[in-house]
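The following note is offered to a colleague beginning the study of protein structure. Please read each point with the sequence and the model side by side.

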Amino acid sequence: MNWKAILTGATVLACSAALLAGCSSSEKAPSTDNAAEMGKIIVGLDDNFPPMGFKDENNKIVGFDVDLAEEAAKRLGREVEFKAIDWSSKEAELKSGRVQVLWNGLDITEKRKENMLFSKPYMDNHQIIFVKKGNTAVTDEKSLAGKTVGTQSAGTAEEYMDASDFYKKEVKEVKKYPDYVAAFMDLENGRLDAVVGDEIVGRYYMSKHPDTLDALDVVVGPVSEFGIAFAKDNTKLRDEVQKVLDEMKADGTIAKISTKWFTKDITK
């Protein structure tokens with residue numbers, strides 16, 4: 001019996017079956033365009049970034065940006081899925097096609113524009129200083145000299161501090177956290193002297209933890225703008241989402257969602 005011939009024939013049959021089934025020997029992530037054409041928009045986000053996107057007491061992902069994305073997808077006639085990702089790997093997640101959109105209080109920067117395609121900005125964001133209530137030693141940015149300061153990894157505040165000689169040479173230590181909630185908890189527990197971070201996120205945290213933190217009305221670094229990011233070549237989905245966002249702005253829907261989360265319309 002010619003076992004070599006039998007095995008060869010079996011291999012051919014197996015490969016043919018795989019081809020008919022649309023299979024391949026190695027799986028590839030779907031392209032962003034293919035995922036969009038399939039009808040589902042997969043939104044990547046940090047699910048511990050209140051009030052933009054976070055898990056509520058029922059473990060459901062909610063937030064201002066979540067409400068915006070759900071309404072936009074509804075108007076596009078598409079399903080939306082929210083996928084929690086490692087925020088420090090967000091560009092890789094977008095480039096690979098594992099997510100089609102980054103929609104989670106993402107600051108538009110020139111560096112990010114090199115690798116991502118952005119919507120028009122929809123909200124301003126400031127980086128400010130947060131301290132534990134009763135801390136009078138920190139009054140402005142220069143008073144952070146010799147102090148231990150926290151911030152979120154892969155955020156705008158981190159980018160600013162990494163590029164600053166003051167934080168490299170004068171500040172005792174910059175501790176980086178996976179999210180701002182962890183940083184604020186360490187601030188409350190006395191393990192940090194201050195947190196430098198997003199004003200919107202910090203003030204929301206303060207509203208849920210009264211009498212523990214103070215926010216200094218001191219803007220640190222440049223004022224930034226929030227935008228929605230897409231893969232660099234995915235102009236089709238960007239333009240579709242931008243069109244419905246413009247409609248939502250014009251008919252007052254965005255103002256209504258903003259008032260729900262911030263008590264007033266703070267969008268652009």
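A polar contact is a pair of N or O atoms within 3.5 Å; within protein, one of the two must be able to donate a hydrogen and the other to accept it. This term is needed in the second point below. The model under review is predicted.

1. The helix α3. This helix covers residues 64–76. With 13 residues at 1.5 Å a residue, α3 should span 18 Å, and its end C-alpha atoms lie 19 Å apart, which agrees. The buried residues of α3 are Phe64, Asp65, Val66, Asp67, Leu68, Ala69, Ala72 and Ala73. As background, an α-helix has 3.6 residues a turn, so residues three or four places apart point the same way. After α3 comes Gly77, with a positive phi near 70°.

2. The loop after α3. Arg78 belongs to the loop that runs between α3 and β5 (79–84). Is Arg78 buried or exposed? Its relative accessible area is 18%, and buried means under 20%, so Arg78 counts as buried. The side chain of Arg78 is joined to that of Glu240 by a polar contact of 3.0 Å. This distance of 3.0 Å may be set beside the limit of 3.5 Å in the definition above.

3. A sheet of three strands. One open sheet has the strand order β2-β3-β4, and its pairing is antiparallel. Why is one side of β2 and of β4 left without a neighbour in the sheet? Both β2 (48–49) and β4 (61–62) stand at the edges with a single partner strand each, so one side of each has no neighbour there. Between β2 and β3 (residues 53–55) there are two bridges, in the antiparallel sense. Asn48 has Phe54 of β3 as its bridge partner. In general, strands of a sheet pair through backbone hydrogen bonds, either parallel or antiparallel.

4. The strand β14 and its partners. Strand β14 (residues 224–231) is largely enclosed by the rest of the structure, because seven of its eight residues are buried. With β6, β14 forms an antiparallel pair over four bridges; here Val101 is matched with its bridge partner Phe230 in β14. Strand β7 (residues 116–118) also runs antiparallel to β14, joined by three bridges, and Met116 stands opposite Ala231. The pairing of β8 with β14 is antiparallel over three bridges, with Asp124 opposite Glu225.

5. The strand β9 and its partners. How many residues of strand β9 (residues 127–132) are buried? Five of the six are, and the strand is thus described as mostly covered. Four bridges link β9 to β12 (residues 194–198) in the antiparallel sense, and Phe130 has Val195 of β12 as its bridge partner. β9 is further joined to β13 (residues 213–219) by five bridges, again running antiparallel. In that pairing, Val131 stands opposite Asp214.

6. The largest pocket. This pocket has a volume of about 320 Å³. Which element gives the most to its lining? The helix α9 does, with five residues. At least two lining residues are supplied by each of β8 (123–125), α9 (199–208) and α11 (253–262). Among the lining residues are Met123, Asp124, His126, Arg203, Tyr204, Trp261 and Lys264. By class, the lining divides into six nonpolar, two polar and four charged residues. Asp124 thus deserves a second look: this residue lines the pocket and also stands opposite Glu225 in β14.

7. The cavities. Rolling a probe the size of a water molecule over the atoms shows where empty space is left. The structure holds three cavities of 30 Å³ or more, and the largest cavity contains about 100 Å³ of space. Its lining consists of 14 residues, and those nearest its centre are Phe49, Trp87, Gly105, Gly155 and Asp198. Strand β6 (residues 101–107) provides the largest share of this lining, with four residues. The classes are five nonpolar, five polar and four charged residues. Strand β6 therefore appears twice in this note: it contributes to the cavity lining, and it pairs with β14.

Notes: Residues numbered from 1 in each chain as written. Predicted model: local features only at pLDDT ≥ 70, side-chain atom pairs only at ≥ 80, totals over all residues. Heavy atoms only, no water. Pairing = 2+ DSSP bridges. Buried < 20%, exposed > 50% of the residue type's maximum accessible area, 1.4 Å probe, protein only. 1 Å grid on protein atoms, 1.4 Å probe; cavity = no way out; pocket = protein on both sides within 12 Å on 5 of 7 lines; lining within 4 Å. Points joined across faces, edges and corners; volume = space filled by probe spheres on them. Nonpolar A, V, L, I, M, F, W, Y, C, P; charged D, E, K, R; others polar. Expected span 1.5 Å × (residues − 1).
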